[in-house]
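Subject: Structure for you to look at

Hello,

Here is the structure I said I would pass on. Please open it beside this message and follow along.

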Amino acid sequence: MVLVLVLVVVMMLSFAVYSFSSLMVAEYSATTTGLTHLQRRELATSGIELAAASIEKQRQSAASALGPLSLFQPVPFDLPNGQQTTISVLRDVPSHVNPAEFGLRDESAKLNLNTLPLELSRRKEARKRLTSLPGITIQIADAILDWMDSDDDVSEFGAETSFYTAQAPPRYPRQGRFESLNELLQVRGITAELLYGEDQNGNGLLDPEENDGDRTSPRDNADHLLQRGLSDYITLLSCETTLLPGGRSKINLNQPVLAQLFDQVESVLGTEAAVYIAAWRLRGATYSDEPRPDEGEDQERRRLERLESVRLRLEAQLGNVDGNRPSLSANQTQRAGLTLDTGSSQFKSLIELFGGEVRIAIDGTDTLLQSPWSSDPVTVRRMLPLFEQMMTTVDNPSLQGRININEASEAVLRSIPGITESTARAIVGIQREIRTAASGNDYSSVAWLVSRGLVSPAELRTIGPYVTTHGDVRSGIAIGQTAGHTSVAATRFLLDCSGPNRRILSLQDLPVTTHATFGLPPATK
């Protein structure tokens, strides 16, 4: 009996040792897996820093166009323990139609809802821009604009407080700019399917339930492509810096003190250019290729613009009834025969520097000034990139809402006032050439639209306030890999490099998946 009892105790102890050993092996395996995954996550975070450093390097080299393949290739990296790893930055999740592409995606390639004009005089323009996007009707467009405007007056097809408070649950329109894309789901007519398409969980990956037809939610067409609805065409954050590489401000052509503007322009472009630009600000310019005054003009818009101008002047006068407003003579000064005070005209874009003429008094003599820069394609192509590097039209450190014609889709390009469907298609056709161009500098300025014959100088003046060739808010997917493992860690990020210090605006860890999902080779051992 003692022997049997000893055998039982030995068996129980052996089983306990075996269980403990198995548990420790499992714990070790889990710890090792967790540590490896943590390493991959940190590598992905390092990929964000890699992207920011690449943008800064490009900015310091004074290049304007960021080529998607030039600065972003997989980077091998050895950990202190000898483990070999790889860091990659992709523009987006690839598909069987679109292979993996290294680089960053420009948020300026989308329509920025928060920069749409809300004035009554420009409401039709904003509505037309919105309805250019897939799925947006006139009713939805007006509802979006009513949600953002500060009044409670219902647009022709819109919705205001009276509609939203009657819903279940009741809600109030923000009457201000959107703070997140999800807020759009509160707007009348916008559904999750319209906003996010098949990617309603928002992870950016083609999950099995998003590629099985109608068997499971959400509905999809089972085409092995992830349709992401409006979120592929709209953004709330897009801008480009107005700072020079060293952090100094560019010359603001619309600054209020014309004497200071004159001196700044004269120091870099000479007296003739300074006289013309100052005169342009004082009197505005006319262009020989402009349409006749009533040709193609929206009479109602012009009437509303005049009313808004009167209202603004009255508000300015009422705000200075205390007598503190400086007299005009106090602001007047002389430069090269010009009497400079507060300019009445504002540049909408740098394109307006070319080909105009200004009639003004110089030393008391009526003078017709011709622009130092003609509007022929050769001059525009040569000079506009230089102007874009040294001048701006705003006093802010960033210019918001312009659309990157080098990357925008055809639908977004059609939302630009003045761009026709045929022009949008032609631009998209050239984008393929831009992505494979040996030098991005050939397309670093919107002047290439003129040099390639896609638009005339007059048409470029129309679309000039809305277009650019680069932005400084960029998104991408940073991926960390370790040799010997098929699993990868991926983080989707949004990066703002418009200021002197880069800012990470958003981070989203994607589900654990394999390198094949992103079209990447395994990390080299």
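Below is what was found in it, going from the whole chain to single side chains.

Please keep in mind that this is a predicted model.

The chain as a whole

The protein chain has 525 residues, and 45% of them count as buried. Its secondary structure consists of 14 helices and 20 strands. The chain exposes about 26,900 Å², and 55% of that area is supplied by carbon and sulfur atoms. If you take the contacts between residues at least 6 apart in sequence, 65% of them join residues at least 24 apart.

A patch on the surface

Start with helix H1, which covers residues 2-60 and contains Val6. Val6 belongs to a nonpolar patch on the surface, together with Val2 and Val10. The three have about 260 Å² of accessible area together. Val6 itself is partly exposed, at a relative accessible area of 43%.

Salt bridges

How many salt bridges does a search of the whole structure find? The count is 26. Three pairs and one network are described here.

One pair is Glu156 with Arg127, whose side chains meet in a salt bridge at 3.3 Å, N to O. This pair links distant parts of the chain, 29 residues apart. Arg127 sits in helix H2 (residues 123-131), while Glu156 lies in the loop between helix H3 (138-148) and helix H4 (161-164). Are the two partners buried or exposed? Glu156 is exposed, with a relative accessible area of 61%, whereas Arg127 is buried, with a value of 17%.

Another pair is Arg228 with Asp232, where the distance from N to O is 3.5 Å. Arg228 counts as buried at 14% relative accessibility. Asp232 is partly exposed, because its relative accessible area is 22% and buried means under 20%.

A further pair is Asp496 with Arg503, joined by a salt bridge of 2.8 Å, N to O. Here Asp496 is the buried partner, with a relative accessible area of 6%, and Arg503 is partly exposed at 48%.

Salt bridges can also be linked to one another. In this model, a network of salt bridges connects Arg91, Glu101, Asp106, Glu407 and Arg474.

Cysteines

A disulfide is a covalent bond between the sulfur atoms of two cysteines. The search of the whole structure finds zero disulfides. Take Cys239 as a case: why is its sulfur not bonded to the closest cysteine sulfur? That closest sulfur belongs to Cys497 and is 9.8 Å away, which is too far for a bond. A disulfide needs the two sulfur atoms within 2.5 Å, so the pair does not count as one. Seen from the other side, the closest cysteine sulfur to that of Cys497 is the one in Cys239. Cys239 counts as buried at 7% relative accessibility, and Cys497 is buried as well, with a relative accessible area of 6%.

If you want a place to begin, find Cys239 and Cys497 in the viewer and check the 9.8 Å between their sulfur atoms. After that, look at the salt bridge between Glu156 and Arg127 and trace the chain from helix H2 to the loop between helix H3 and helix H4.

Regards

Conventions:
Residues numbered from 1 in each chain as written. Predicted model: local features only at pLDDT ≥ 70, side-chain atom pairs only at ≥ 80, totals over all residues. Heavy atoms only, no water. Patch = residues over 30% accessible without salt bridge, like charges linked within 9 Å, V, L, I, M, F, W, Y side chains within 5 Å. Areas by Shrake-Rupley, 256 points an atom, 1.4 Å probe, with all protein chains shown as cover. Salt bridge = Lys/Arg side-chain N within 4 Å of Asp/Glu carboxyl O. Helix = DSSP H or I, 4+ residues; strand = E, 2+ residues; numbered from the N terminus. Buried < 20%, exposed > 50% of the residue type's maximum accessible area, 1.4 Å probe, protein only. Contact = heavy atoms within 4.5 Å.
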